Structure formats: structure tokens, C-alpha cells
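Here are my notes for someone opening this structure for the first time. Have a look at the sequence and the fold, then read on.

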Amino acid sequence: MVDAQSVIEQIRKAFRATEHPGDAFLQGSQEGCEPAEVTAPFKGIAHWTQVDPAILDPNYNALSFFSEGGFRHFLPGFLIADLQGRLQTADPVFHLTNGFFDQVVKIPAGSRVYEKTIGKSAFVNPRRYGAMTWHDYVRNKLAIFTREEACAIVAYLEWRRDADSLGINKQEIDAALNGFWRQRAKDAPTQEVLKQYIQEEAEYLKGLADGAA
């Protein structure tokens, strides 16, 4: 098994240049007051490497309420803190594996026991999202990561799986690795491709502005 420090270094290298989305775009959900409360401690932090690990556990729900850009930028802080054994409540594994594995739970209600499927094939909220399943949702959400970032996430998930002698999350981690992350680490756009696209778009927009002047 690869040692934790090697995985930490891979994460630092992969996410070193990951852009901050801007404080105004850290928060994803606008429903209720909790999203603003748990993402507020991350505002004013210019780069994820400056995050105080002490704020991660008390604001663990930020991983659920970050925007896509906020999640991508601050995730490595959570991953490294986990690898260092500094997390008690925050669970990065859940946010990287939920939606790739089905579980059936039996729930008594009234005179019946209902079998409820949670995870991959469960619908998110049919009234709002129609036929979207959690698998559909999570694949879209996690498509934000570049090839290098996805490779680091694969290393983290493999380390978490192999370090757990009880195998508590083994099925979920393997399902996520085989159903998404390994392919993402192979085929996702690289950081250089993404950087080049951003530069070309900036030049294009400048050209439009210059032409209109």
C-alpha cells in the first residue's frame, strides 16, 4: 500500500494550480440558512493550502453546499486532513463515492416494511428533477476535475480503502473507482488543456470588445 505522505504530495501537486472560483461563487445551494453558514468560514481564503484544518470538521456540511468550483477548490484540504488523521466528522469519501453503488434498506412504516433503494439508481427528487438519478447527478457534479486531480483522487480513495482493515466502505469505493474515477483519471481534460482554453476564451472576448470599441 502506498504511504499516506506520498498520496498527500500527489494531492498537493495535482491541486496546486486549481483556481479559486471567487468568494461570491463559493456557495452552491441557496436553500435555507445552512449553506451560507457552513461556507462562510471559507470566504477570504485565497487558496485551499491556507485553510486551517480546525475549521473543516465544524463545517463539514460545506462539502454538500459548495458550488462546483468551491467543492473542487477546497476538497484537497479535506483530503489531506483526512490522510493526516485530523478529521472526526467530515467524510470526503462519501462525497466522492455516493451515487455509484445501490443499497436496499428495509424501513418499517405503519403495517408494512418497505424496501427502499438508496444510492445509484434512486431518483434525486422527481418533482424537481424528473427522471434524474443520483448516478446522473453525481457524474455531472464530479466532472469538474482535471485528469491530474482525478488521478490524485484515485490515489486517495485506494489508500482509504486499503487502510481500512474492516472494509467498511470497500464496496462503495470500488464501485466509484470502477464506475467513474479510473476512467476520469484516464480521459479527463488535462490542466494544460483547460488552461489553454481559458486563455483562448479571454483573447476571444478581448477581441470582441476591441472590435466593438
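The points below go through confidence, core, ring pairs and salt bridges.

1. First, the ground rules. This is a predicted model, where local features need pLDDT of at least 70, side-chain atom pairs count only at pLDDT 80 or more, and totals for chains, interfaces and linings use all residues. Residues are numbered from 1 along each chain as its sequence is written, and side-chain values use heavy atoms, with hydrogens and water left out.

2. On confidence, pLDDT (the predictor's confidence in each residue, from 0 to 100) averages 94, and 100% of the residues score at least 70. Helix H1 (residues 4–15) has the highest mean among the elements, 98, and strand E2 (residues 112–119) the lowest, 88. Helices (H or I, at least four residues) and strands (E, at least two) are DSSP runs, numbered from the N terminus.

3. Now the inside. The largest nonpolar core (buried Ala, Val, Leu, Ile, Met, Phe, Trp, Tyr and Cys residues joined through side-chain atoms within 4.5 Å) has 49 residues, and Phe42 and Trp181 are among those with the most contacts inside it. H1, H3, H4, H5, H8 and H9 each supply at least two of its residues.

4. There are 10 aromatic pairs; rings of Phe, Tyr and Trp (its six-membered ring) pair if their centres lie within 6.5 Å, with planes under 30 degrees apart counted as stacked, over 60 as edge-to-face and the rest as tilted. Phe42 and Phe66 make an edge-to-face pair, 5.1 Å centre to centre with 75° between the planes. Their positions are 24 residues apart, and both are buried (under 20% relative accessible area; exposed is over 50%, partly exposed in between, with a 1.4 Å probe and protein chains only).

5. Phe71 deserves a click too. Its ring centre is 6.1 Å from that of Phe145 and the planes are at 65°, so this pair is edge-to-face. Phe71 is in helix H4 and Phe145 in the loop between H7 and H8, so the pair ties together parts 74 residues apart in sequence. Ring pairs also place both in a cluster with Phe15, Phe100, Phe180 and Trp181.

6. Which residues pair up by charge? The structure has 9 salt bridges (a side-chain nitrogen of Lys or Arg within 4 Å of a carboxyl oxygen of Asp or Glu). Glu31 and Arg128 meet at 2.8 Å, N to O, and both are exposed. Glu149 and Arg72 have their closest N and O atoms 2.9 Å apart, linking helix H8 to helix H4. At 0% relative accessibility, Glu149 counts as buried.
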